[in-house]
Amino acid sequence: MSRIGRLPIAIPAGVEVKLADGTVTVKGPKGELSQTVPAPIEVRVEGNEVLVTRPNDERESRSLHGLTRTLINNNIIGVTEGYSKTLEIVGTGYRVVAKGKDLEFSLGYSHTIVVKAPEGISFAVENANRFSVNGISKQQVGELAAQIRKLRKPEPYKGKGVMYAGEHIRRKAGKAGK
């Protein structure tokens, strides 16, 4: 039995979980998220808990069991607390500015880069070199943060670029002079 999959998911107060046609819909104070349940996996709500079970021990069922439970749990956490990824910009002249709901980056290119906020995602700029991506969907927040990081990946020689807060960049030694 999957160690993750067999754990019940507690439903906090103010959160409503509905099951319909192979879809789990979670509604909470911050919004609403839905998750499709793959075919062999079964989900049921008992009292204030969500239980995820699998019918057999086939390889596909085992792999989807823990995954489905984790995705439903992430949706419940998202509609109650939300998710956030903090990023930092390192480099001379590199900065970020909030333009309404969007972000404008100066990353050493000849032009600025504007990143528009998709629906359900918001940005918070702490200073010119630090900002965060916030939202209720863990997948959307992580994907947008990764796309922003890709605009100027941290390079290993001087450590310049966009990186996650607390990320450690392995540095390389430069050329040895004569």
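Helix α1 covers residues 59-80 of this predicted model. At 1.5 Å a residue, its 22 residues should span 32 Å, and the C-alpha atoms at its two ends are 33 Å apart, which agrees with that expectation. Many positions along α1 are buried, among them S61, L64, H65, G66, T68 and R69. Further along the helix, the buried residues include I72, N74, N75, I76, G78 and V79. Just after α1, G82 adopts a positive phi of about 85°.

The surroundings of α1 include a sheet. Strands β1, β6 and β5 form an open sheet of three strands, in the order β1-β6-β5, with antiparallel pairing. The edges are occupied by β1 (9-10) and β5 (42-46); each has a single partner strand, so one side of each is left without a neighbour in the sheet. Helix α1 packs on this sheet and touches β1, β5 and β6, and its direction makes about 160° with that of β6. Between β5 and β6 (residues 49-53) there are five bridges, in the antiparallel sense. Within this pairing, E46 stands opposite E49 in β6.

The next stretch to follow is the run of strands β2, β3 and β4. Strand β2 (residues 16-20) pairs with β3 over five bridges in the antiparallel sense, and E16 has K27 of β3 as its bridge partner. The hairpin of β2 and β3 has two residues between the strands, and D21 there takes a positive phi near 50°. On the other pairing of β3, six bridges join this strand to β4 (residues 31-36), again with the two strands running antiparallel. T23 has T36 of β4 as its bridge partner, and the hairpin from β3 to β4 passes through two residues.

Which side chains of β3 point to the buried face? In a regular strand the side chains alternate between the two faces of the sheet. Strand β3 (residues 23-28) shows such alternation: V24, V26 and G28 point to one face and are buried, whereas T23, T25 and K27 point to the other and are not buried. G28, which is located in strand β3, touches G14, V15 and V79 once residues up to four places away in sequence are set aside. One of these contacts, V79, is among the buried residues of α1. The C-alpha atom of G28 is separated by 22 Å from that of A117, a residue 89 positions away along the chain.

A further open sheet consists of three strands in the order β8-β9-β10, also with antiparallel pairing. Here β8 (95-99) and β10 (113-115) stand at the edges with a single partner strand each, so one side of each is left without a neighbour in the sheet. From one strand to the next, the twist averages 25°. Strands β8 and β9 (residues 102-106) run antiparallel and are joined by five bridges; V97 has E104 of β9 as its bridge partner.

Strand β9 also contains F105. This residue is buried, with a relative accessible area of 0%. Leaving aside neighbours within four places in sequence, F105 is in contact with I89, R95, V96, T112, I113, V115, F131, I148 and L151. The C-alpha atoms of F105 and E42 are separated by 45 Å, and these residues are 63 residues apart along the chain.

How many aromatic pairs does a search of the whole structure find? The search finds one. The ring centres of F105 and F131 are 5.4 Å apart and the ring planes lie at 70°, so the pair is edge-to-face; planes over 60 degrees apart count as edge-to-face. The pair links distant parts of the chain, with F105 in strand β9 and F131 in strand β12 (residues 130-135), 26 residues apart. Both F105 and F131 are buried.

Aromatic rings also take part in arrangements with charged side chains. K85 lies over the face of Y164, at 5.2 Å from the ring centre. R152 lies over the face of Y109, where the distance to the ring centre is 4.3 Å.

Notes. Residues numbered from 1 in each chain as written. Predicted model: local features only at pLDDT ≥ 70, side-chain atom pairs only at ≥ 80, totals over all residues. Heavy atoms only, no water. Pairing = 2+ DSSP bridges. Helix = DSSP H or I, 4+ residues; strand = E, 2+ residues; numbered from the N terminus. Axes fitted to C-alpha atoms, helices over the stretch in contact; angles between N-to-C directions. Phe/Tyr/Trp six-rings, centres within 6.5 Å; stacked < 30°, edge-to-face > 60°. Buried < 20%, exposed > 50% of the residue type's maximum accessible area, 1.4 Å probe, protein only. Lys NZ or Arg CZ within 6 Å of the ring centre and 35° of its normal. Expected span 1.5 Å × (residues − 1). Contact = heavy atoms within 4.5 Å.
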